[in-house]
Each structure stands twice: as C-alpha cells, then as structure tokens.
Amino acid sequence: MTGALEGIRVVDFTQLEQGPAGTQVLADFGAEVIKVERPLVGEIGRRQYPTIGDYSPHWSATNRNKKSITVDLKSSEGIEIIKRLVVDSDVVTSNFRPGVMERLGLGPDDLQSINPRLVVAFASGYGQSGPYRDRRGQDLAAQAMSGLMNLTGYAGGPPTPSGTFMIDYLASQQFAMGILLALHARERTGRGQIVDTCLLNAAVASHLQEGASYLNTGLDFPRPERGVAHAHNTALYGYYETADQRWIVVIGEFYISEPWQRMCRALSIDDAVREDPRFSTIEGLREHVAETTALISEAVKRYNRDDVMGRMEAEDILVAPVLDYSEVYEDPQVLHNEMVLSSTIPGVGDVKFVGNPIKLSDTPGTLRTNPPTLGEHNSAVLAALGFTDEQREDLEARGIVGSENSREQQTGKQFW
C-alpha cells in the first residue's frame with residue numbers, strides 16, 4: 001500500500017519529543033525519515049527511563065518507521081555528507097536552540113542554496129526570533145508562561161500542570177502540520193520555505209477560546225471551584241467521586257433541556273431542591289456553584305460508578321468514567337481505533353506502541369519498521385549517496401560516521 005507521503009525524504013536532527021513526535025507523523029504516512037545522530041552516543045532521548053535492558057520505550061514511542069545514521073557534525077567531512085544528502089531531500093528538521101544549525105553550516109541559507117525546494121523546519125521553545133529566542137525551552141516552562149497552568153486546578157489551590165508533556169505533543173503536531181503546509185505550497189511555487197513552530201505558541205493556542213474572550217471582553221478565567229472543571233461553568237460540568245472510590249466526569253449543562261432537573265432525577269435528589277428557582281437556569285447555577293457542587297457530590301457518593309453512570313445516561317446526561325491508566329489500553333474503543341500497536345524487536349521482545357490518531361481510508365499510517373538501532377542505516381544511506389565500501393570503512397575508521405553496525409556484527413550487541 002502506498003503511503004500518503006511516499007517519495008518525501010526528511011533529514012531529521014530532532015531529539016526528545018517535540019521534534020521526533022512530529023517527524024514520526026510523516027514517517028507513519030510513508031515519508032523516508034533519516035534520523036541524524038551522534039556516533040556511538042545517539043540522541044539523548046535513547047537513554048530515557050524506564051528501559052528494557054538498553055532499550056527505552058519512552059524514546060521508541062516517537063521514532064518508529066525511521067532510519068538512523070550517525071555522523072560527526074563537528075567535522076567538515078560530516079557536514080559534507082549531510083549536504084550531499086540534502087541535495088535530493090525535501091525537508092530538514094531540527095529542534096536545537098536557534099542558531100545551532102547556522103553555526104554548523106546547515107542553516108536555511110546554506111541548505112536552500114544547495115536545494116531551493118527544501119523545506120527547513122524548526123521546532124523550538126520560543127521561536128526563531130524575539131526576546132526569548134535564546135532561552136532554553138521545555139514543556140513545563142511553556143505551560144507556565146502561556147497561562148495554561150494558571151487556568152488549571154481549582155480555586156484556592158496552586159496552578160497545576162498537565163499530567164503529561166502535553167505541549168510537547170501538541171507542538172509536535174503543529175510542527176508536522178507546518179511541514180505539510182510548506183510542502184503543499186511548494187507544489188504551487190516550486191520553492192521551499194522556513195517552518196517556525198514553538199512550544200510557547202502551541203501552549204497559548206491551546207486556550208484560544210478563553211484567550212479571544214479575554215482579549216475582547218476583559219473576562220478573566222480564574223481557577224474554578226473544586227469539583228468544577230472549567231472557569232465560568234457550573235457544577236454540571238465537573239468531576240465527582242463515587243461510592244466505590246472511582247471517579248466520573250459529568251458534562252450536563254450542554255445539549256439538553258432542564259439540565260438541573262435531569263441531574264436531580266438521576267441522583268434522586270429531593271424534589272424541593274430539584275424545583276428550587278435559584279437553580280433553574282445556567283446563570284443561577286453559576287451563581288450557586290459551591291452549593292450545587294456539594295449537593296451533587298454528596299448524591300454521587302451514594303452510588304457505585306457504573307450504577308451512577310447508568311442513571312445519568314437514562315436522563316441523557318453526558319457522563320464518562322475517569323479511567324485508571326491501565327484501563328485506558330484495555331478500553332474497547334481505544335483498541336478498535338487501533339491506538340495500541342504491537343511489534344517484535346530482536347533482542348528486546350514483544351513491544352507495544354501508541355498508534356497514530358489520524359486515520360486515512362486510502363493511504364493510512366502504518367507501523368512498517370521498528371525504531372532503528374543507533375546508526376542502523378549508515379551503510380545503506382552512504383551507499384545510496386555513492387560512497388563505496390572502502391570509503392565508508394575509511395569514514396568509520398576516522399570517526400566521521402559511526403561504527404555501530406560493524407561493532408554490532410562483531411559483538412552481537414545492539415546499539416540503542
């Protein structure tokens with residue numbers, strides 16, 4: 001089956017999550033992504049905890065379907081290898097701090113002078129220009145500086161970060177989208193261009209509705225009362241603990257008529273409370289968030305999770321379980337959506353991956369190749385560039401390219 005991006009070659013210098021998760025999207029859909037790493041060391045993400053022996057599932061989560069070559073970028077000959085590779089490539093990606101690629105002689109001007117059709121894509125903390133250009137970027141810093149942490153949590157509590165590196169992932173998808181947009185534009189113009197995406201922009205854009213409301217009305221979004229999930233919402237949009245010490249989320253103030261009455265019927269709350277005029281409108285519920293949240297919380301605790309969910313669903317109230325982490329990957333819809341992939345990795349065993357969330361009917365993303373061992377494709381890539389076996393062996397001997405393949409053949413030990 002032909003991949004949607006078959007024929008596109010990406011020379012990939014990215015590390016950790018923001019960059020590699022984005023280039024993996026391209027690789028999943030058929031692009032040839034050639035990962036450039038340090039000889040015998042690789043990118044720093046390869047050693048991320050936890051590990052299975054020397055193998056890091058954390059790292060492998062963002063590096064399937066890629067090739068790996070190892071090149072000493074501090075050597076002029078190593079840089080020349082990259083430039084030869086760029087001649088017939090479509091995209092060069094990096095998430096070094098701004099200026100690093102230029103100091104290597106691999107900045108946009110250097111690369112596009114070789115290949116004017118080349119898309120040069122940067123993923124960074126704050127962007128390629130501006131007052132924060134040279135700062136180190138990181139997911140948590142972006143959550144903090146964007147206002148996202150200040151929106152998250154509950155009134156009286158501290159600003160709260162996401163439970164995962166959410167902005168790294170969000171920025172990675174914007175990185176991939178920017179590259180695809182630039183490739184599409186190239187079909188009309190014949191020229192490559194620079195793609196500039198960053199963590200800060202991704203985090204600010206993640207709350208674009210709140211941001212637009214604030215910018216135009218001055219309405220602030222303080223952290224909501226405990227139990228309520230979003231500022232300016234009501235007790236009908238929140239999270240509650242059940243009798244069996246499980247949790248549910250309730251989305252009961254949208255899409256239905258008489259939401260408070262439905263909730264009261266579902267939870268067998270007293271008729272007088274159900275008909276209380278203070279709670280008859282969304283505006284009234286907003287004015288009495290603490291009181292109504294306490295009423296729902298007390299009532300929900302009388303039922304086990306599955307029971308209370310059934311009662312709410314009977315009243316057409318949208319409700320969902322807060323799944324334990326282990327439950328997520330057993331959920332029938334998650335499995336049906338092919339969000340758990342499996343492969344066998346020699347020397348490691350059976351390994352699972354989180355699937356690609358984008359589904360195409362004719363050219364779907366697939367798991368074609370396992371995450372590469374370090375320098376696994378040195379010989380193949382150099383041969384495709386016209387290097388003879390003798391030249392490759394000479395480059396290995398002088399440390400211009402890695403010797404991982406030779407050592408693996410001699411020792412039988414894989415280089416992760």
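Helices and strands here are DSSP runs, numbered from the N terminus. By that scheme, P50 sits in the loop between β2 and α2 (57-60). The model is a predicted one.

**Overall picture**

The protein chain holds 20 helices and eleven strands. Its C-alpha atoms fill a box of roughly 90 × 50 × 40 Å along the principal axes. Of its 416 residues, 46% are buried. Take the contacts between residues at least 6 apart in sequence: 68% of them join residues at least 24 apart.

**The loop between β2 and α2**

P50 is joined to Y49 by a cis peptide bond, with omega at about -5°. L40 lies in the loop between β2 and α2 as well. L40 is not a glycine, yet its phi is positive. S268 also has a positive phi without being a glycine. S268 is placed in the loop between α11 and α12 (271-274).

| Residue | Phi | Relative accessibility |
|---|---|---|
| L40 | about 65° | 38% |
| S268 | about 55° | 45% |

Buried means under 20% relative accessible area and exposed means over 50%. L40, at 38%, therefore counts as partly exposed. S268, at 45%, is therefore partly exposed too.

**Two nonpolar cores**

The largest nonpolar core has 26 residues. F13, V36, I81, I82 and V92 have the most contacts inside it. Four elements give two or more residues to this core: β2 (32-37), α3 (76-86), β5 (119-124) and α18 (378-384). The top contributor is α3, with five residues. Look at V36 in detail. Leaving out residues up to four places away in sequence, V36 touches V11, D12, F13, I69, V71, L73 and I82.

Another core, of 25 residues, lies apart from that one. Its members include V250, I269, V300 and Y303.

**Helices α11 and α14**

Helix α11 covers residues 259-267, and helix α14 covers residues 289-300. Their axes come within 10 Å and cross at roughly 25°. Angles under 35 degrees count as roughly parallel, so α11 and α14 are roughly parallel to each other. The crossing is left-handed.

Which residues make the contact? From α11 come W260, M263 and L267. From α14 come T292, L295, I296, A299 and V300. By class, seven residues in the contact are nonpolar, one is polar and none is charged. V300 of α14 thus has two roles to look up in the model: it is in the contact with α11, and it is among the residues of the 25-residue core.

Notes:
Residues are numbered from 1 along each chain as its sequence is written. This is a predicted model: local features need pLDDT of at least 70, side-chain atom pairs count only at pLDDT 80 or more; totals for chains, interfaces and linings use all residues. Side-chain values use heavy atoms; hydrogens and water are left out. Axes are lines fitted to C-alpha atoms, for helices over the stretch in contact, and angles run from 0 to 180 degrees between N-to-C directions. Angles under 35 degrees count as roughly parallel, over 145 as roughly antiparallel, 65 to 115 as roughly perpendicular and the rest as oblique. A crossing is left-handed if the near helix is turned anticlockwise from the far one by less than a right angle, and right-handed if clockwise. Contact means heavy atoms within 4.5 Å. Ala, Val, Leu, Ile, Met, Phe, Trp, Tyr, Cys and Pro count as nonpolar, Asp, Glu, Lys and Arg as charged, and the others, Gly among them, as polar. A nonpolar core is a set of buried Ala, Val, Leu, Ile, Met, Phe, Trp, Tyr and Cys residues joined through side-chain atoms within 4.5 Å. Buried means under 20% relative accessible area, exposed over 50%, partly exposed in between (1.4 Å probe, protein chains only).
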